[in-house]
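Work through the exercises below with the sequence and the coordinates at hand. Each task is followed by a solution in steps.

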Amino acid sequence: RSSDLLLVRTSFISVTEGGVPLKRIQPVVCSRVTSNLAGLKRALGSLTALHESEGAQPHVKDCEVRSQLRVRSQMEQAETLATTVWSLSDTPEKLAQLNTHLKGSDDMLKRSIPVLNDLLAMLDPSKYTLAWLYILDTMGGESPPPQGAEGFCVHANTLITASDPDQLRIAPEKFSSVCRKFKEICIAAGHPARAAMPLKTAIRKVQPDTQYLSPQHGDFLQVCLLAKMYNAAVDILKDDVYEANPTLTGLVPRDFLLYCYYGGMIYCGKKRWSKALDMFQHAITAPAMALNAITVASYKKHLVVSLICRGEPAGLPKYTSAVVHRHVKACASEYGELAAAYATRNQQDLRACIAKHEEKFKEDKNLGLVKQCVDSLYMRNIQRLTQTYLTLSLGDIARLVELPGAAEAEAHVLRMIETDGIHASINQKDGMVSFLEEPEQYNSVSIMERLDAEVQNMVLLAKKVAMVDEQVSMNSAYIGKMMLKERHGRGFTDHDDFEVA
C-alpha cells in the first residue's frame, strides 16, 4: 500500500540520508516497517510483472504509471514534511520556523491528503502538536474527512487530550478550526454529549488562566445545551471572564457573541433568569457596525426573559451601539406586542397575543420560553395582592388573578413561598392565605459573611477596571481616535469609538 511504502521510505531516509538520527524514529514506525517489508516486496514484484505482461493494454499502463507517479510525489512531499517537523520541534525558535513553514505548505498538505493519516501515525501529538494542528485542519477541510467522520473524531480527541498547550497557542486559529469541526461532526451524528468533555479540556488547554475567553467556550456551551448538560456548562460559566486576547486564543467577535448567547440559554434552562438577562445583554451591547443574527436572537430572548424576571421589558443601556438602538426593535415587532400584552396584566390578552404569533415564536424556537410568561404573570399579579391585602381566601386569589380555581391558586402560592417570591402562610382549615412581612432581618452571621464576600469581589473588580482603564488610555489606537474626535468635534459619531473586527 502507498501508506506502508511511505513508512518504509521515511524510515530509510531517516537512517541512510542523515535526515534524523536512528534513535528518533518512532517505535511504531519501525515495527510496522519490519512486519510489512516482505509484503511490500511481493506487492511491488506483482505490480512490475503486471506492467511487463504482454496482454496489458497501453491505456491501462499509462493510468497505472500516472497513479504511481502521483503517489510517489505525495510520499516524497510527506517525507520531506516529516523530516522538517522532526528537526524543528525542539525549541521555541525552531517552532516559530516550523509554523512559518507549515503556513506555506497548505497546498502541499491538500495534495497529500491520501497519506496524511499515516503521517499522523509517525508523529507523537504531545511532541509535535503544531504539525498535528495543520494536518488535522487540512483533513477537516474535506467533506467528509478522508479518514471518515469517526476517524477524524478519534484524531481530534487524541490531539485535545495529549497536546502541548504552548504549541497550541502558536496557531490558536487552527486549534479552533479543528475543535469546531469535531463539534459539528458530533452534533450531526446526534451525539453532542460526546464532544462536551473534550471541548472542556480544550478550553483549559488554550487558556493562559480562567479569566481568558476562548473560541471553544461557545462550542462547549452549544453541545451542553443540546445534550441538556446544564450543570457541566455552569461549571465553566461561573468563571469570571475579563480577558479577550485573539493572539493567544484565536478569538473573533462571533465567538464572544456565541458565548453570551448560549450562556444565556443555559441559565434559562437552569431558571436563573437574572444571570440569563445579563448574558443576553452582553451580546446585545457588544460594539457593532451592523446588525447580525446573534444580536437579534439575543434581543428577542432578552425581552422575554426580562418579562419573566422583572415583569417589564428591560431597556437597552446607553452604551449600546447606535445601529442596534435604531434597528433591532423592528426585527422583533412580535415580541414588542408580547410585552404590550403582558403590561395589561390581563391573562386573556397575553394568551391571545401568544396564539396570534405562535408560528413566529416557534420558528425562533422561543415558544417554550414565551409560554413561561403566562405563569410569570400569575405570580406578578399575586405579588401585587400582597401590597393591598393582609389576608385573602384562595378562591378570591383565583378570581382576582384569573386562575381556574382555588386548587390552582394554592399551587401557585406554595411555589412562590418555596422560591421566596412572597412571604405567606396558608390555613388549610378555612383556605385563607395570610401575607407576612419579610422575616430576614439581615443581622445574622451568614448574611454578614455574604456581604463581606460581595464587598471583596467589588474591590477586586474595581482594581481590574482601573488597570484596564490605564491600558486603554495608553493605547496608541485609542489616543489616535480621541485626537481625531477632538479635531472633528461633533462630526465624530459615538460608535466610531469602537473598533470592530
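A residue is called buried when its relative accessible area is under 20%, exposed when it is over 50%, and partly exposed in between. The model used here is a predicted one.

**Exercise 1. Salt bridges across the chain**

Find which residue pairs with Lys300 in a salt bridge, and state where the two partners lie.

Solution.
- Step 1. The cut-off is a side-chain nitrogen of Lys or Arg within 4 Å of a carboxyl oxygen of Asp or Glu.
- Step 2. The side chain of Lys300 meets that of Asp364, with an N to O distance of 3.3 Å.
- Step 3. This pair links distant parts of the chain: Lys300 belongs to helix α17 (residues 293–310), Asp364 to the loop between α21 (358–363) and α22 (367–386), and 64 residues separate them.
- Step 4. Lys300 and Asp364 are both buried.

**Exercise 2. Two further salt bridges**

Decide whether the partners in the Lys174 salt bridge are buried or exposed, then do the corresponding check for Asp106 and Lys110.

Solution.
- Step 1. Lys174 forms a salt bridge with Asp137, and their closest N and O atoms are 3.0 Å apart.
- Step 2. The pair joins distant parts of the chain, with Lys174 in helix α10 (residues 172–188) and Asp137 in helix α7 (residues 129–140), 37 residues apart.
- Step 3. Lys174 has a relative accessibility of 17%, so it counts as buried; Asp137, at 16%, is buried too.
- Step 4. Asp106 and Lys110 form a salt bridge at 3.4 Å, N to O. Because they are 4 residues apart in helix α5 (residues 106–111), about one helical turn separates them.
- Step 5. Asp106 is partly exposed at 28% relative accessibility, and Lys110 is partly exposed at 48%.
- Step 6. The whole structure holds 16 salt bridges. Arg180, Lys183, Asp219 and Asp255 are linked in a network of them.

**Exercise 3. The sheet**

Work out the order of the strands in the open sheet, and which strands stand at its edges.

Solution.
- Step 1. β1 pairs with β3 (residues 432–435) in the antiparallel sense over 3 bridges. Opposite Ser393 stands Met432 of β3, and Leu392 has Val433 of β3 as its bridge partner.
- Step 2. β2 and β3 run antiparallel and are joined by 4 bridges. Here Ser425 has Ser434 of β3 as its partner.
- Step 3. The order of the 3 strands is therefore β1-β3-β2, with antiparallel pairing.
- Step 4. β1 (391–393) and β2 (424–427) are the edge strands: each has a single partner strand, so one side of each lacks a neighbour in the sheet.
- Step 5. Neighbouring strands of this sheet are turned against each other by 20° on average, direction ignored.
- Step 6. The covered face of β3 carries Val433 and Phe435, and its uncovered face carries Met432 and Ser434.
- Step 7. The hairpin of β2 and β3 has 4 residues between the strands, and Gly431 in this hairpin takes a positive phi near 70°.

**Exercise 4. Positive phi outside glycine**

Locate Lys228 and Arg345, and state how accessible each of them is.

Solution.
- Step 1. Lys228 is not a glycine, yet its phi is positive, at about 60°. Lys228 sits in the loop between α12 (215–226) and α13 (230–237).
- Step 2. With 61% relative accessibility, Lys228 is exposed.
- Step 3. Arg345, also a residue other than glycine, has a positive phi near 65°. Arg345 lies in the loop between α19 (333–343) and α20 (347–356).
- Step 4. Arg345 has a relative accessible area of 45% and is partly exposed.

**Exercise 5. Cysteines and a surface patch**

Count the disulfides, then say which helices supply the nonpolar patch.

Solution.
- Step 1. There are 0 disulfides in the structure. For Cys153, the nearest cysteine sulfur is that of Cys186, 4.3 Å away, whereas a disulfide needs sulfur atoms within 2.5 Å.
- Step 2. Cys153 is buried, at 1% relative accessible area; Cys309 is partly exposed, at 25% relative accessibility.
- Step 3. Met467, Val468, Val472, Tyr478, Ile479 and Met483 make up a nonpolar surface patch, with about 480 Å² of accessible area together.
- Step 4. Helices α25 (445–473) and α26 (476–488) each supply at least two residues of the patch. Met467, one of the patch residues, is in α25 and is partly exposed at 37% relative accessibility.

How values were computed
Residues are numbered from 1 along each chain as its sequence is written. This is a predicted model: local features need pLDDT of at least 70, side-chain atom pairs count only at pLDDT 80 or more; totals for chains, interfaces and linings use all residues. Side-chain values use heavy atoms; hydrogens and water are left out. Patches are made of residues with over 30% relative accessible area and no salt bridge: like charges are joined within 9 Å, nonpolar side chains (Val, Leu, Ile, Met, Phe, Trp, Tyr) within 5 Å. Accessible areas come from the Shrake-Rupley method with a 1.4 Å probe; for residues, only the protein chains shown count as cover. Buried means under 20% relative accessible area, exposed over 50%, partly exposed in between (1.4 Å probe, protein chains only). Two strands pair if DSSP finds at least two bridges between them. Axes are lines fitted to C-alpha atoms, for helices over the stretch in contact, and angles run from 0 to 180 degrees between N-to-C directions.
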